[in-house]
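Student: I should like to learn how to read the features of a protein model in an orderly way. May we work through one together?

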Amino acid sequence: MTVEEFLDVVLGLPEVAQTDGHPELTGFRVRGKGFCYLNEADETIMLKATREEQEALVAEAPEVYSPSWAGGRFAWVEIRLARVDPVELAELVTEGWRLSAPKRLAGTLRQAPPPAPDQA
């Protein structure tokens with residue numbers, strides 16, 4: 001997946017705001033809560049997940065996913081865009097968004113994630 005395709009997915013979610021507060025990372029927030037960060041130079045993202053999801057992804061495909069930091073009930077996973085399946089990434093980004101979005105807003109999103117760029 002390219003950076004541009006990733007941006008189409010993440011910015012297609014309701015009420016996502018892009019922030020540029022860090023020199024190397026572009027942040028994505030929903031109602032002020034961060035759920036994803038893009039390192040365009042490295043073509044990686046850090047995505048909010050549950051601890052269980054982080055562990056499962058890293059165990060399943062360590063060439064694609066690596067653990068980032070964890071705190072409380074959440075953990076962050078680093079994802080290599082060039083190696084990730086576009087459909088899976090769209091699902092993971094949507095789930096990361098749901099973990100940060102207020103429940104009422106999360107409930108407005110249809111159950112299926114936005115289509116991946118090559119699936120649209």
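Tutor: We shall go through strands, a helix, the core, one charged pair and the turns. Please keep in mind that this model is predicted.

Student: Let us begin with the strands. How many bridges join strand S2 to S3, and how do the two run?

Tutor: In general, side chains in a regular strand alternate between the two faces of the sheet. Here, strand S2 (residues 26-30) is joined to S3 by 5 bridges, and the two run antiparallel. To find the register, look at a facing pair: Phe28 stands opposite Cys36 in S3. The two strands form a hairpin with 2 residues between them.

Student: Which strand lies on from S3, and how is it joined?

Tutor: Strand S4 (residues 44-50) is joined to S3 by 4 bridges, again in an antiparallel arrangement. Two pairs set the register: Asn39 stands opposite Thr44, and Tyr37 stands opposite Met46. This hairpin has 4 residues between its strands. S4 is also paired with S6, through 7 antiparallel bridges; there, Thr50 has Phe74 as its bridge partner.

Student: Is strand S3 enclosed or open to the surroundings?

Tutor: Of the 7 residues of S3 (residues 33-39), 5 are buried, so the strand is largely enclosed by the rest of the structure. S4 is likewise mostly covered, with 5 of its 7 residues buried.

Student: What should I look for at Asn39 in strand S3?

Tutor: Begin with burial: Asn39 is buried, with a relative accessible area of 11%. Next, consider its polar group: the Asn39 side chain reaches the backbone nitrogen of Asp42 at 3.1 Å. Apart from neighbours within four places in sequence, Asn39 is in contact with Glu24, Leu25 and Thr44.

Student: And what of Glu40, in the loop between S3 and S4?

Tutor: Glu40 is partly exposed, with a relative accessible area of 46%. Setting aside neighbours within four places in sequence, its contacts are Val3 and Glu24. The C-alpha atoms of Glu40 and Tyr65 are 16 Å apart, although 25 residues separate the two along the chain.

Student: Turning to helices, what span should helix H3 have?

Tutor: The general idea is that an α-helix has 3.6 residues a turn, so residues three or four places apart point the same way. Helix H3 (residues 86-100) has 15 residues, which at 1.5 Å a residue should span 21 Å; the end C-alpha atoms are 21 Å apart, so expectation and model agree. At the start of H3, a side-chain oxygen of Asp85 comes within 3.2 Å of the backbone nitrogen of Val87. The buried residues of H3 include Leu89, Leu92, Val93, Gly96 and Trp97.

Student: Which residues have the most contacts inside the largest nonpolar core?

Tutor: In soluble globular proteins, nonpolar side chains tend to be buried together. The largest nonpolar core in this model has 31 residues, and those with the most contacts inside it are Phe6, Phe35, Ile45, Ile79, Val93 and Trp97. At least two core residues come from each of helix H1 (3-11), S2, S3, S4, strand S6 (74-80), H3 and helix H4 (103-108). H3 gives the most, with 5 residues.

Student: What is Ile79 in contact with, beyond its neighbours within four places in sequence?

Tutor: Its contacts include Ile45, Leu47, Val64, Tyr65, Leu89 and Leu92.

Student: How many salt bridges does a search of the whole structure find?

Tutor: Side chains of opposite charge can pair when their charged atoms come close. The search finds 1 salt bridge. The side chains of Glu15 and Arg31 form a salt bridge, with N to O at 2.7 Å. This pair links distant parts of the chain: Glu15 is in the loop between H1 and strand S1 (16-19), Arg31 is in the loop between S2 and S3, and they are 16 residues apart. Glu15 is partly exposed, with a relative accessible area of 44%.

Student: Finally, where do positive phi values occur?

Tutor: Most residues other than glycine have a negative phi. Glu15 has a positive phi, near 60°. Arg31 also has a positive phi, of about 50°, although it is not a glycine; this residue is in the turn of the S2 and S3 hairpin. In the hairpin of S3 and S4, Glu43 takes a positive phi near 55°.

Definitions and conventions. Residues are numbered from 1 along each chain as its sequence is written. This is a predicted model: local features need pLDDT of at least 70, side-chain atom pairs count only at pLDDT 80 or more; totals for chains, interfaces and linings use all residues. Side-chain values use heavy atoms; hydrogens and water are left out. Buried means under 20% relative accessible area, exposed over 50%, partly exposed in between (1.4 Å probe, protein chains only). Two strands pair if DSSP finds at least two bridges between them. The expected span of a helix is 1.5 Å times one less than its number of residues. A polar contact is a pair of N or O atoms within 3.5 Å; within protein, one must be able to donate a hydrogen and the other to accept it, and residues adjacent in sequence count only if both atoms are side-chain atoms. A nonpolar core is a set of buried Ala, Val, Leu, Ile, Met, Phe, Trp, Tyr and Cys residues joined through side-chain atoms within 4.5 Å. Contact means heavy atoms within 4.5 Å. A salt bridge is a side-chain nitrogen of Lys or Arg within 4 Å of a carboxyl oxygen of Asp or Glu.
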